[in-house]
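Subject: The structure we talked about

Hello,

Here is the structure I promised to pass on to you. Please open it alongside this email, and my notes will follow below.

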Amino acid sequence: MSQPNGKRCEFVMEVTDKTRADVKTLDGGLNVIQLETAVGAAIKSFDNALGISVPRSRFLPVKTTSDLLLVMSNLYSLNAGSLTMSDKREFPTVPLVKLGSSFTKVQDYLRRLESIPDMLELDHLTVSGDVTFGKNVALKGTVIIIANHGDRIDIPAGAVLENKIVSGNLRILDH
């Protein structure tokens, strides 16, 4: 690795490109980009610092249940202590997943998922309201599921949702 100005590096930091998943929307509707600066701010304290651009896959932050759904899914497998993207995924990009406030707490998130859906072919998932997922659900393309206030949507076991918008009220009761 070449060193800036031919001098020994005092500080080296890995950096990666931002994605759409890094946009957090404020209550007023303004889109902002989250920047990680706590450690990064230290770079200005060194005379000879270097940033190394690494692929986004090197960072798998789990800050929300949306992130948790991604890392628990079949998009990733654990190999030698590292999570790696499944080679069964056609494109090595991470789907954009937005889970609503009914999924914010981990215990609510776990209660709403009988099993983690198959997400190998998923591009975008938005879920809002009182929604539950049965076992062995597959999500493909763009899937938007919105249960309005007072409504409940239960995605049945074995369902395959591909490029679908589901809204209203859907309850399947066992007889």
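In which strand does Asn163 lie? Asn163 belongs to strand E12. Please keep in mind as you read on that this is a predicted model.

Asn163 caught my eye for its backbone: its phi is positive, about 50°, although it is not a glycine. Asn136 is another such case, with a positive phi of about 55° and again not a glycine. Most residues other than glycine have a negative phi. Asn136 sits in the loop between E9 and E10, and with a relative accessibility of 63% it counts as exposed.

The sheet

Strand E12 is part of an open sheet of four strands, in the order E7-E8-E10-E12 and with parallel pairing. Strand E7 (96-99) and strand E12 (160-167) stand at the edges with a single partner strand each, so one side of each has no neighbour in the sheet. From one strand to the next, the twist averages 10°. E12 runs parallel to strand E10 (residues 138-146), and seven bridges join the two. If you would like a spot to look at there, Ile145 stands opposite Val166 in E12. Helix H1 (residues 65-72) packs on the sheet, where it touches E7 and strand E8 (122-128), and its direction makes about 130° with that of E7.

Helix H1

How many of the eight residues of H1 are buried? Seven of them are, so the helix is largely enclosed by the rest of the structure. The buried ones are Thr65, Ser66, Asp67, Leu68, Leu69, Leu70 and Val71. Their cover includes strand E5 (76-79), strand E6 (82-85), E7, H2 and E8.

Thr65 is a good residue to start from. It lies in H1 and has a relative accessible area of 6%; buried means under 20%, so Thr65 qualifies. Leaving aside residues up to four places away in sequence, Thr65 touches Leu99, Phe103, Thr104, Lys105, Val106 and Tyr109.

The core

In soluble globular proteins, nonpolar side chains tend to be buried together. Here, the largest nonpolar core has 28 residues, and those that touch the most other members are Leu125, Val131, Phe133, Ile145 and Ile155. At least two residues of this core come from each of H1, E7, E8, strand E9 (130-133), E10, strand E11 (152-155) and E12. H1 gives the most, with four residues.

Phe133 is worth a click if you want to see its surroundings. Not counting residues up to four places away in sequence, Phe133 touches Phe103, Arg112, Leu113, Glu114, Pro117, Val127, Leu139, Ile145 and Ile155. Ile145 thus comes up again: it is the residue opposite Val166.

A loop residue

Lastly, have a look at Ser101. Is it buried or exposed? With a relative accessibility of 63%, Ser101 counts as exposed. Ser101 lies in the loop between E7 and helix H2 (106-112). Ser101 and Gly129 are 28 residues apart in sequence, while their C-alpha atoms are 7.3 Å apart in space.

Do write back if anything is unclear.

Best wishes

Notes:
Residues are numbered from 1 along each chain as its sequence is written. This is a predicted model: local features need pLDDT of at least 70, side-chain atom pairs count only at pLDDT 80 or more; totals for chains, interfaces and linings use all residues. Side-chain values use heavy atoms; hydrogens and water are left out. Two strands pair if DSSP finds at least two bridges between them. Axes are lines fitted to C-alpha atoms, for helices over the stretch in contact, and angles run from 0 to 180 degrees between N-to-C directions. Contact means heavy atoms within 4.5 Å. A nonpolar core is a set of buried Ala, Val, Leu, Ile, Met, Phe, Trp, Tyr and Cys residues joined through side-chain atoms within 4.5 Å. Buried means under 20% relative accessible area, exposed over 50%, partly exposed in between (1.4 Å probe, protein chains only).
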